[in-house]
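This report covers a helix pair, a nonpolar core, a chain contact and two backbone outliers. Please have the model open while reading.

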Amino acid sequence: MGGRGVRVGVVVFPGSNCDRDALHAVERAGAEPVELWHADADLKGSDAVILPGGFSYGDYLRPGAIARFARVMGPLEAFAREGGPVLGVCNGFQVLCEAHLLPGALLQNRGLRFVCRRVRVRVERADTPWTAACAPGEELTLPVAHNEGNYFADPATLARLEEEGRVVLRYLENPNGSANDIAGVCSEGRNVVGLMPHPERASDPLLGSEEGLGILRSVLAGAKV
Amino acid sequence: MSVRETYTSLGLSDLEYGRILELLGRAPNFLELSLFSVMWSEHCGYKNSRPLLSRFPNEGPRVLQGPGENAGVVEVGDGWALAFKVESHNHPSAVEPYEGAATGVGGIIRDILAVGARPVALLDSLRFGPLEEERNRYLFREVVRGIGGYGNAVGVPTVGGEVEFAPAYSGNPLVNAMCVGLVRAEKLVRSRASGEGNLVVLLGSRTGRDGIHGATFASDELGEGSGERRSNVQVGDPFAEKMLIECCLALLEEDLLVALQDLGAAGITSSASEMAAKGGVGIEIETDRVPLREEGMEPWEVMISESQERMLAVVEPGRLERVAGLARRYGVGAAVIGRVAGHGELRVVHEGEVVGSVPARHLADAPVYEREVVRPAYLDGARALDLASVPPPGDYGAALLGLLSHPNLRSRRSVYEQYDHEVGTCTVLRPGADAAVMRIRGTRRGYALTTDGRGRHCYLDPRGGGAATVAEAYRNLSCVGAEPVALTNCLNFGNPEKAEGYYQLAECIEGMAGACEALGTPVVSGNVSLYNETERGAVHPTPVVGMVGLLEDVRRHATPEIKREGDALVLVGRFRPSLAGSAYLEAAHGLVRGAPPSPDLPSEKAAADAVRAAVAAGLVDTAHDLSDGGLAVALAEMAVGGGIGAEARLLPGARQDVALFGECGGCILVAVPEERLEELEGALAGVPRARIGRTGGDRISVLGLVDVGLSELAEAYFMDLFEEAGG
């Protein structure tokens with residue numbers, strides 16, 4: 001690393017509510033947290049960007065549907081296309097799908113209920129900037145908390161995702177009816193990752209788990225500084 | 001409409017109208033009458049409960065702010081303070097459960113915000129009629145959805161609460177929401193308006209016709225026509241609330257506000273008159289400057305609308321520009337709708353003309369009714385219980401499974417999994433333990449939260465039940481290792497104008513107040529919900545206590561689940577089980593009868609304090625109190641939670657079903673490794689205790705009576721409450 005730490009930006013949309021949790025977790029992971037305001041088209045020199053969980057714009061219309069038009073999304077999309085590491089967690093995953101930075105969509109949970117619990121997942125791929133510090137096949141217990149986490153894509157897209165190794169995280173106990181038990185996917189360039197589970201909620205032993213820290217630490221190793 | 005018809009339809013009595021005439025020295029116009037009607041409702045004016053409420057002790061070494069402000073506040077240490085309050089939304093939830101519950105959550109969050117605290121935790125205390133009835137299933141499902149729909153979106157974790165089902169709540173559910181906020185002690189905000197010429201700024205959503213006369217609606221019995229009162233129920237917008245929270249906290253961070261007050265029941269009227277009365281000043285409101293959601297609203301409608309997600313602030317003129325700028329950043333409306341005046345009146349101006357003017361202190365000073373306390377006749381019959389007529393179970397294992405799967409005793413997992421209980425990443429102990437435990441970031445400190453109500457006990461013995469409610473909360477906090485410091489309460493009762501309702505209210509308060517004194521936990525805030533009656537009768541008298549405790553070192557806490565094989569099981573406290581008024585008697589025999597033992601407060605305190613000290617010392621990490629379902633259910637919960645079985649013997653002296661399923665309060669079951677037993681003995685010196693068994697294996701067995709596998713117990717315990725509800 002150079003003279004400064006890795007800067008990880010966390011976007012704050014109106015209605016984001018895991019933004020501060022993500023900033024804290026980024027700090028715990030050893031990076032420099034940077035708050036990015038939705039109305040500013042500026043990533044403030046971030047080396048990686050997280051779109052946090054929450055209910056951006058109240059989830060009105062559809063989760064993520066309005067946030068994708070926020071001003072910060074212009075430079076974010078450019079950053080993603082240039083290969084910059086972007087992680088969307090929960091609502092952030094939904095935003096990335098709406099912005100077509102990731103394929104598929106997140107539908108309402110099959111059980112028709114919001115679900116907040118810890119679930120076991122398997123890291124399918126360690127060749128993304130957000131899973132590089134994990135071992136392929138590693139099993140983690142991570143919290144989920146969502147009403148729309150049921151991953152959906154058409155059969156051809158699903159087949160392609162599997163073929164190209166773009167399913168990053170898979171549920172061992174599917175909480176929402178997701179196709180192929182998908183908990184997280186990555187972009188074709190592998191730098192954009194969307195996860196329904198919340199790694200930032202599993203980043204402190206006091207709260208019962210540090211198993212999400214590996215995901216946040218991964219980006220430290222891979223980030224270009 | 002005659003004058004009498006008008007004031008009667010607004011819920012004012014002849015006596016009250018006479019008092020208004022006297023106070024004003026003239027006849028009020030319709031707008032002024034509306035102001036009195038909402039402010040003198042029980043909901044806002046506490047006219048039936050105020051003298052009784054003065055019984056509660058309000059002071060303690062950690063109390064920074066007691067009743068009378070928007071929320072009670074206690075000092076934590078390291079400069080931190082906790083603000084908390086519980087409030088009911090029973091009536092709205094009875095007719096429109098989703099929005100009723102959602103706006104209940106939204107409303108209590110704004111109370112906490114109004115003292116300048118960031119809302120950090122929610123709890124919900126819920127009661128419904130039995131799930132066999134379709135309407136009750138609907139209310140239960142939608143209330144839980146409403147709480148989740150609002151709380152999850154607004155980003156405040158729902159970390160605890162309770163759910164109970166009983167016929168007494170059919171048609172009149174109880175929906176009480178508690179919010180806790182964290183604030184630097186020196187940044188506490190008061191709601192006292194001051195500074196003649198300062199501006200009154202309405203922050204947040206536009207004002208519509210929703211919730212007109214909500215406070216009056218909440219102060220009446222529910223009847224046949226209540227369904228038509230859906231327009232009295234407000235509609236919530238958690239996104240608007242989230243932005244309002246962030247905006248207000250940003251305004252307070254820059255010290256831009258003179259005073260802040262939430263808008264709840266009775267809308268602008270209540271907020272403005274309370275702010276004026278507290279500051280000894282007047283406030284003028286120009287109703288035509290209030291941003292409206294719909295056209296053609298009359299000034300009186302604007303004044304009493306209960307549209308949600310609004311706050312009222314007093315701002316010095318020179319700071320208005322900065323306030324408006326920050327509000328824009330958060331997309332929050334900010335309109336100057338009036339000013340602070342020297343005349344002491346709440347004055348309503350519309351298009352330049354004064355359309356009403358009433359001294360603010362009169363609005364804040366509702367008449368008070370003191371009634372005679374008469375013991376109701378039902379008590380003698382209900383308290384009589386002939387134990388000989390209660391046959392012991394033929395199969396104790398089956399009886400235990402029946403209890404564990406009963407909707408009142410089953411795991412609440414299917415409820416709390418619908419609430420985001422982790423957002424904020426400060427939830428150390430998630431729902432399912434005796435109390436929620438939260439950390440305070442940047443310190444080693446933590447705090448614990450619980451809500452408790454004991455309607456059945458309070459019905460059979462209002463005074464003893466009131467005391468037992470406080471004691472239960474005290475015990476729950478102690479079990480996780482927290483030192484109980486103060487409480488808030490929500491008094492859910494029937495019609496106080498009826499002798500039975502008033503007796504229950506007065507006696508419960510007496511019992512609670514006595515327990516608060518004995519246990520050293522003052523009441524720092526509260527809410528009263530009376531008139532919880534339908535044509536089927538009144539609800540069980542159900543005071544709900546929300547208690548807050550502190551942990552010096554949040555890492556040292558205990559949970560119910562068994563953690564190791566071979567631990568010794570020690571029952572701490574004075575064990576004197578009784579089936580009177582027990583969950584077992586109701587679940588297995590359909591009886592709500594008997595005279596439950598009144599709490600023995602000194603021994604209760606000694607046992608709870610000893611366990612807390614043992615937890616705080618790092619000696620005990622497994623503790624659970626004996627509550628509904630008695631020893632057998634407590635043991636089963638500990639075993640199922642930890643996935644480790646236990647064998648226990650019974651203490652001699654009671655009938656076996658009484659010993660297994662009887663209740664008494666004051667007892668806590670702890671599990672410790674053998675090698676710590678001696679140390680524990682020392683820590684518990686002077687407190688009754690008995691070693692009753694050890695942990696291990698994959699079954700619960702109680703000497704010759706119960707022998708059930710953990711998987712069978714878990715299957716019963718974790719049954720989904722909504723699958724039952726789905727029918």
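In chain B, the axes of helix α10 (residues 238-253) and helix α13 (residues 320-329) come within 9 Å and cross at roughly 150 degrees. The crossing of α10(B) and α13(B) is right-handed. From α10(B), the contact draws on B:C247, B:A250 and B:L251. From α13(B), B:V323, B:L326 and B:A327 take part. By class, the contact has six nonpolar residues, no polar ones and no charged ones. All of this is read from a predicted model.

**The core**

Which residues touch the most other members of the largest nonpolar core? They are B:L82, B:L203, B:I283, B:V470, B:V611, B:L635 and B:A639, in a core of 314 residues. Helix α20 (residues 499-519) of chain B gives the most to this core, with 11 residues. Domain 1 (189-368) and domain 2 (378-726) of chain B both give residues, so the core lies between them. In soluble globular proteins, nonpolar side chains tend to be buried together.

B:L203 is worth a closer look. Leaving aside neighbours within four places in sequence, B:L203 is in contact with B:L244, B:C247, B:C248, B:R310, B:M311, B:A313, B:A327, B:V332, B:G333 and B:A334. Among these, B:C247 and B:A327 also belong to the contact of α10(B) with α13(B).

**Where the chains meet**

The contact between the chains takes 24 residues from chain A and 22 residues from chain B. On the side of chain A that touches chain B, the elements giving two or more residues are α1 (19-28), β6 (115-123) and β7 (139-146). β6(A) gives the most to that side, with three residues. By class, the residues on the side of chain A divide into 12 nonpolar, five polar and seven charged.

**Positive phi**

Two residues other than glycine have a positive phi: A:C90 and B:T425. Are they buried or exposed? A:C90 counts as buried, with 29 C-beta neighbours inside 10 Å. B:T425 is buried too, with 24 other C-beta atoms within 10 Å. The cut-off for buried is 20 or more.

| Residue | Phi | Loop |
|---|---|---|
| A:C90 | near 60 degrees | between β4 (86-89) and α3 (91-98) of chain A |
| B:T425 | near 40 degrees | between α17 (413-416) and β14 (427-429) of chain B |

Definitions and conventions. Residues numbered from 1 in each chain as written. Chains lettered and ligands numbered in written order. Predicted model: local features only at pLDDT ≥ 70, side-chain atom pairs only at ≥ 80, totals over all residues. Core = buried A, V, L, I, M, F, W, Y, C linked by C-beta atoms within 7 Å. Buried ≥ 20, exposed ≤ 12 C-beta atoms within 10 Å, placed from the backbone. Helix = DSSP H or I, 4+ residues; strand = E, 2+ residues; numbered from the N terminus. Domains from an automatic or database assignment. Contact = placed C-beta atoms within 7 Å. Nonpolar A, V, L, I, M, F, W, Y, C, P; charged D, E, K, R; others polar. Axes fitted to C-alpha atoms, helices over the stretch in contact; angles between N-to-C directions. Left-handed = near helix turned anticlockwise from the far one by under 90°.
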